[in-house]
Amino acid sequence: MAEVKVKVQPPDADPVEIENRIIELCHQFPHGITDQVIQNEMPHIEAQQRAVAINRLLSMGQLDLLRSNTGLLYRIKDSQNAGSVSFFLSKMKGSDNQEKLVYQIIEDAGNKGIWSRDIRYKSNLPLTEINKILKNLESKKLIKAVKSVAASKKKVYMLYNLQPDRSVTGGAWYSDQDFESEFVEVLNQQCFKFLQSKAETARESKQNPMIQRNSSFASSHEVWKYICELGISKVFDDCHEGGEISPSNCIYMTEWLEF
């Protein structure tokens, strides 16, 4: 009877482990590494797995892609990124695969964050284990919990160093997840008063209707200048032209004009 040979497929490698190993290689060879170097160091990793890991590192801004006489090179982007990667590697040292998986899921969510329910769905881990992992990652300052305006009693998780997206915080019109209705109402009233005054002045000019109509209009620049002159701002004491906070770069004014 002929012998039947069965090809044993190696187990799928942890994507985070592959990325970490590539980063370590880049530190060992600061001038850059080729795909052949990665392949020699990780012969058990499939080409597709290497490509996925490299593309993720490139998209996250942790690697630069360079051309040389020998082909493409992958290199740590800069000292700042290298420092943050080293910080990550030191913090994740000793972590099990479940913790690395949860970290990767949160990282993929970006600055919009992700609910613990969705982490559970993506990781297929029990909720008690997820809560334990989240607490551990928070204690290491690798992730943080942020309250979302979409659900005040729930929190989304994102990487510790990310600035939450406006869809999470609500932007300038929210304070601690509460809509600043009074502030917005004051702005609306003063805006209406300003436009009404422009219209009355135009009518009193006794000019032809077309000129009256055009002169009753106000540009967005005129509106924010009028509001700033009234001193209606959450940061009025620190707001002045040429300062760190000024009408031209005021997020409250910009968002109100888009409201």
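**Close-up 1. The contact between helix 5 and helix 6.** In this predicted model, the residues L101, V102, I105 and I106 of helix 5 meet I119, K122 and S123 of helix 6. Sorted by character, the residues of this contact divide into 5 nonpolar, 1 polar and 1 charged. Helix 5 covers residues 97–108 and helix 6 covers residues 116–123, and the two pack with their axes 10 Å apart, at an angle of about 120°. Angles from 65 to 115 degrees count as roughly perpendicular and those over 145 as roughly antiparallel, and helix 5 and helix 6 are therefore described as oblique to each other. The crossing in which helix 5 passes helix 6 is right-handed.

**Close-up 2. The surroundings of S123.** This view turns to a single residue from the contact just described. S123 has its place in helix 6, and, when its neighbours within four places in sequence are left aside, it is in contact with L101, I105 and I130. For one of these partners a distance can be given: S123 and I105 are 18 residues apart in sequence, while their C-alpha atoms are 7.8 Å apart in space. Is S123 buried or exposed? The relative accessible area of S123 is 9%, and because buried means under 20%, S123 counts as buried.

**Close-up 3. N124 in the loop after helix 6.** N124 is found in the loop between helix 6 and helix 7, the latter spanning 127–139. Although N124 is not a glycine, it has a positive phi of about 60°. The relative accessible area of N124 is 69%, and because exposed means over 50%, N124 is classed as exposed, whereas S123 in helix 6 is buried.

**Close-up 4. K141 in the loop before strand 4.** K141 is found in the loop that lies between helix 7 and strand 4, where strand 4 spans 143–148. K141 is not a glycine either, and yet its phi is positive, at about 60°. How does K141 stand in terms of accessibility, and what is its value? Its relative accessibility is 47%, and because this value lies between the limits of 20% for buried and 50% for exposed, K141 counts as partly exposed.

**Close-up 5. The crossing of helix 1 and helix 3.** Helix 1, made up of residues 15–28, and helix 3, made up of residues 47–59, have axes that come within 9 Å and cross at roughly 70°. Because angles from 65 to 115 degrees count as roughly perpendicular, helix 1 and helix 3 are described as roughly perpendicular to each other. Helix 1 passes helix 3 in a right-handed crossing. On the side of helix 1 the contact is made by I18, E19, I22 and I23, and on the side of helix 3 by Q49, A53, I54, R56 and L57. The residues of this contact divide into 6 nonpolar, 1 polar and 2 charged.

**Overview. The protein chain as a whole.** The close-ups above can be placed within a chain whose secondary structure comes to 12 helices and 7 strands. The protein chain has 259 residues, of which buried residues make up 34%. Its accessible surface comes to about 16900 Å², and 50% of that surface belongs to carbon and sulfur atoms. Among the contacts in the protein chain between residues at least 6 apart in sequence, 54% join residues at least 24 apart.

Note on methods: Residues are numbered from 1 along each chain as its sequence is written. This is a predicted model: local features need pLDDT of at least 70, side-chain atom pairs count only at pLDDT 80 or more; totals for chains, interfaces and linings use all residues. Side-chain values use heavy atoms; hydrogens and water are left out. Axes are lines fitted to C-alpha atoms, for helices over the stretch in contact, and angles run from 0 to 180 degrees between N-to-C directions. Helices (H or I, at least four residues) and strands (E, at least two) are DSSP runs, numbered from the N terminus. Angles under 35 degrees count as roughly parallel, over 145 as roughly antiparallel, 65 to 115 as roughly perpendicular and the rest as oblique. A crossing is left-handed if the near helix is turned anticlockwise from the far one by less than a right angle, and right-handed if clockwise. Contact means heavy atoms within 4.5 Å. Ala, Val, Leu, Ile, Met, Phe, Trp, Tyr, Cys and Pro count as nonpolar, Asp, Glu, Lys and Arg as charged, and the others, Gly among them, as polar. Buried means under 20% relative accessible area, exposed over 50%, partly exposed in between (1.4 Å probe, protein chains only). Accessible areas come from the Shrake-Rupley method with a 1.4 Å probe; for residues, only the protein chains shown count as cover.
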